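Hi,

Here is the structure I promised to pass on. Have a look at it first, and then read my notes below.

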Amino acid sequence: MNNLQKKYAERISTTLAKYPDKRSAVMPMLYIAQEEYGHVNAEGIAQVAEICDMDPTQVKSIAGFYTMYSEKPKGKYWLQVCVDLPCALRGADEFHHWLLDELGIEEGGTTADGLFTAEHVMCLAACDKAPMLQCNFHFEENLDKEKMRAKLKAWRAEALAAKNGKK
C-alpha cells in the first residue's frame with residue numbers, strides 16, 4: 001500500500017468503485033496526487049500507476065497531455081486567467097497583466113511566499129463572465145481590480161489560518 005492509498009484510502013476506494021476497470025480512474029487519481037504533492041511528480045505518478053494497475057509511463061503520458069495537471073510545483077492558489085479572444089475583448093489581457101504586477105511575478109511565476117501562481121490559459125468556457133479566472137479549478141467570474149484584491153486578501157487569510165491550524 002503506497003502513501004496515497006494510506007492517506008486517501010476512503011476517497012480512492014469510493015472513486016475506484018465508480019469504474020468497472022481501475023485504469024479508467026487514472027484521471028481522478030492524478031487529481032489526488034496533484035492535491036497531495038502540489039503537482040504531479042514522479043512519486044505521485046508511480047503511486048497512481050500502482051493504484052490503477054498501469055505502467056508509470058502510461059500515467060505520465062496522460063498527466064502530460066491534459067492541462068489540468070501540472071508537472072511543476074505551483075502555488076497554493078493556482079490562478080489561470082482566460083485570455084482567448086472573447087475574454088480579451090472584455091479586458092482579460094489587461095486584467096491578466098495587472099494581476100501579474102499586483103502579485104509581483106512573471107507569467108507562470110509563483111509568489112515568494114509560495115501562495116500564488118498565475119498564468120494565462122485559453123478558453124475556460126465562461127466568455128460572458130470575463131475577466132474571469134480559475135483558482136484551483138473553481139471559477140471566479142466578472143472580476144475587476146477591487147474584487148480581485150479582495151479575493152487575494154481572503155486567500156492569504158485562509159492560508160494563514162490553515163498555517164496556524166485554524167482551518
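Thr57 and Phe65 are exposed (over 50% relative accessible area, 1.4 Å probe, protein chains only), on the other side of helix H5 from its buried residues. Those buried ones (under 20%) are Val59, Ile62 and Ala63, with H5 itself running over residues 56-65. They span an arc of only 100° around the axis, so they sit on the same side of H5; the arc is taken from the directions from the helix axis to the C-beta atoms. Helices here are DSSP runs of H or I with at least four residues, strands are E runs of at least two, and both are numbered from the N terminus. What covers the buried residues of H5 includes H3 (26-37) and H4 (42-52), where contact means heavy atoms within 4.5 Å.

By the way, this is a predicted model: local features need pLDDT of at least 70, side-chain atom pairs count only at pLDDT 80 or more, and totals for chains, interfaces and linings use all residues. Residues are numbered from 1 along each chain as its sequence is written, and side-chain values use heavy atoms, without hydrogens and water.

Next, have a look at Gln80, which lies in strand E1 (residues 77-82). Why does Gln80 count as buried? Because its relative accessibility is 5%. Among the residues that Gln80 is in contact with, leaving aside neighbours within four places in sequence, are Thr67, Val121, Leu124 and Phe137.

Happy browsing!
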